[in-house]
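This briefing covers one protein–DNA model, topic by topic. Please keep the sequence and the structure in view while reading.

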There are 2 protein chains.
Amino acid sequence: MDFIEIFKALGDENRIRILNLLIRGELCVCEIETVLDMTQSNASRHLNKLKTSGIITSEKKSQWVYYRINNNFIEENNLLYEYIKNKMDEKTQLKRDIERLKKFKEGNFTCEHLRNDKSQVFKYLQCQCDNTRNEN
Amino acid sequence: MDFIEIFKALGDENRIRILNLLIRGELCVCEIETVLDMTQSNASRHLNKLKTSGIITSEKKSQWVYYRINNNFIEENNLLYEYIKNKMDEKTQLKRDIERLKKFKEGNFTCEHLRNDKSQVFKYLQCQCDNTRNEN
DNA sequence: TGATTATATTCAATTATATGCATATACTAA
DNA sequence: TTAGTATATGCATATAATTGAATATAATCA
C-alpha cells in the first residue's frame, strides 16, 4: 500500500465516483455500473485499480462480486480517508450520484431487477419527478 | 483547487520528492534539480504541475524563482497535508533526499555555488564519508 | 449437460503523461 | 547594449492510462 500508488488510484474522477458510492456501503458491479452509467468493463477495470492499490476489497457471493471499502485502508490511512469524505461533500457530480444511489435503494431494486430489465431501472433513476415506487 | 487534481499532482514520485524538500522550506529550481539529480526542464515542469494544482507557490527573487508550499493549500487541505507528512517518513528514497538536502544546507551552498561549479557541489552531495565542509 | 448471466480480460484505438534536448524568455551585471 | 545565466517552453518521443467492443471465465439454473 504505497501512498503514491494510492494517490494515483484516487486521481481519477470515475474512481472517486465509485468510492463515493462504496462509502455508503457495499455494492456489486452491476449496481455500480447502473447508478454511475458506465460500461461494465470500465466499472470492472476501475474497481480493479482501487482494489490493487488496497483501497477496496471484493467478495464473491454466488455469481455476483461485491466491493466495499477496505477496513485496513481506513485504519492505515485515516487522515486521508477523512479528507476524502470531507471533500466529496463539495462536489456536485458526487452529490448527484448519491441521489441516484438513494433512488436505487429506495426503489428496492436488486441485481435481479437489473438482470431482468436494466433499461427500466435506468429510466427510473433518471426520472426527476417521482421518488417513490410501488413494490415490484 | 479540485481535490481530484490535487491527487493527480501527488500521484507521481518525482513530485512527491520535490514536495518532500519544500516541506523543509523554500528552494529555488537550481537547488531542487541538484539535490534530486533531475534535469532542469523536468524539475521546472513538475514544479509547474504542483503550482497549477495549488499545492505550491513561487516567487521570483532577482534571477531565481523560489518555490514553497502554498499556505492556502495547507489551510484548506490540512488532513491531507498531515497525511502526506506522516507517510513521507516511511519512504527510503525520501529519507535519502532529505540527507542530501541537509548536506547541501550544512555545506552552506548557494545558487552562486551551483552557477560556478555545479559538478563540484554534486560530487560533494554524493560523498558518503564526509559530512563537514570548509567554508568557501 | 447446455443455456444464461456476472464479471474479468484481451485487443485496438485514443489520449494523457513524462522526459531530454534545444531554444525562448526574463533577468543581471559588466 | 551585450554577454551570461535561471527558468520556462516547444518539439519529438516513449511510456502509461483510459476506453468500448468483443471475448473468456466462472457461476447459476433449467
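Which atom of DNA strand D lies 2.9 Å from a polar side-chain atom of B:Arg45? The partner of B:Arg45 is a base oxygen of that strand. The model is a predicted one, and the points below begin with the two DNA strands before turning to the protein chains.

**Surface near DNA strand D**

- There are 23 residues around DNA strand D, and those that come nearest are A:Arg45, A:His46, B:Ser44, B:Trp64 and B:Tyr67.
- At least two residues of this surface come from each of the following elements: helix 2 (13-22) and helix 4 (40-52) of chain A, and helix 3 (29-36), helix 4 (40-52) and strand 3 (64-69) of chain B.
- Sorted by class, the surface near DNA strand D holds 11 polar, 6 nonpolar and 6 charged residues.
- Sugar or phosphate accounts for 60% of the atoms of DNA strand D within 4 Å of the protein, and bases account for the rest.
- Besides the B:Arg45 pair with a base oxygen, a polar side-chain atom of B:Gln40 is placed 2.9 Å from a base nitrogen of DNA strand D.
- On the backbone of DNA strand D, a phosphate oxygen lies 3.2 Å from a polar side-chain atom of A:Arg15.

**Surface near DNA strand C**

- DNA strand C is surrounded by 23 residues, of which A:Ser44, A:Trp64, A:Tyr67, B:Thr39 and B:His46 are the closest.
- Helix 3 (29-36), helix 4 and strand 3 (64-69) of chain A, along with helix 2 (13-22) and helix 4 of chain B, each contribute at least two residues to the surface near DNA strand C.
- The class count for the surface near DNA strand C is 6 charged, 6 nonpolar and 11 polar residues.
- Of the DNA strand C atoms within 4 Å of the protein, 63% are in sugar or phosphate, with the rest in bases.
- An N or O atom in the side chain of A:Gln40 is 2.9 Å from a base nitrogen of DNA strand C.
- The side chain of B:Ser41 also has an N or O atom 3.3 Å from a base nitrogen of DNA strand C.
- A:Val65 uses its backbone: a polar backbone atom of this residue is 3.2 Å from a phosphate oxygen of DNA strand C.

**Helix packing between the protein chains**

- Helix 6 (residues 78-88) of chain A packs against helix 1 (residues 3-10) of chain B at an angle of about 145°, and their axes are 10 Å apart.
- In this contact, A:Leu80, A:Tyr83, A:Ile84, A:Lys87 and A:Met88 of helix 6 meet B:Phe3, B:Ile6 and B:Phe7 of helix 1.
- By class, the contact between these two helices comprises 7 nonpolar residues, 1 charged residue and no polar residues.

**Overall form of chain A**

- Chain A contains 8 helices and 3 strands, in the order α-α-β-α-α-β-β-α-α-α-α from the N terminus.
- The radius of gyration of chain A is 15 Å, close to the 14 Å given by the globule rule for 136 residues, so chain A is as compact as a globular protein of that length.
- Along the principal axes, the C-alpha atoms of chain A fill a box of roughly 45 × 35 × 20 Å.
- Buried residues make up 46% of the 136 residues of chain A.
- Of the chain A contacts between residues at least 6 apart in sequence, 63% join residues at least 24 apart.

**Individual residues of chain B**

- B:Ser53 sits in the loop between helix 4 and strand 2 (56-61) of chain B, and B:Ser53 counts as buried because its relative accessibility is 9%, under the 20% limit.
- Beyond its neighbours within four places in sequence, B:Ser53 contacts B:Met1, B:Glu5, B:Ile6 and B:Ala9.
- B:Asn42 belongs to helix 4 of chain B and is partly exposed, with a relative accessible area of 27%.
- Although 28 residues separate B:Asn42 from B:Asn14 in sequence, their C-alpha atoms are 9.2 Å apart.
- Most residues other than glycine have a negative phi.
- B:Ser62, in the loop between strand 2 and strand 3 of chain B, has a positive phi near 50° and counts as exposed at 53% relative accessibility.
- B:Asn108, in the loop between helix 7 (92-106) and helix 8 (111-126) of chain B, has a positive phi of about 55° and is partly exposed, with a relative accessible area of 43%.

Technical notes. Residues are numbered from 1 along each chain as its sequence is written. Chains are lettered from A and ligands numbered from 1 in the order in which they are written. This is a predicted model: local features need pLDDT of at least 70, side-chain atom pairs count only at pLDDT 80 or more; totals for chains, interfaces and linings use all residues. Side-chain values use heavy atoms; hydrogens and water are left out. Axes are lines fitted to C-alpha atoms, for helices over the stretch in contact, and angles run from 0 to 180 degrees between N-to-C directions. Helices (H or I, at least four residues) and strands (E, at least two) are DSSP runs, numbered from the N terminus. Contact means heavy atoms within 4.5 Å. Ala, Val, Leu, Ile, Met, Phe, Trp, Tyr, Cys and Pro count as nonpolar, Asp, Glu, Lys and Arg as charged, and the others, Gly among them, as polar. A residue is near a molecule or strand if one of its heavy atoms lies within 4 Å of it. A polar contact is a pair of N or O atoms within 3.5 Å; within protein, one must be able to donate a hydrogen and the other to accept it, and residues adjacent in sequence count only if both atoms are side-chain atoms. The radius of gyration is taken over C-alpha atoms; the globule rule is 2.2 Å times the number of residues to the power 0.38. Buried means under 20% relative accessible area, exposed over 50%, partly exposed in between (1.4 Å probe, protein chains only).
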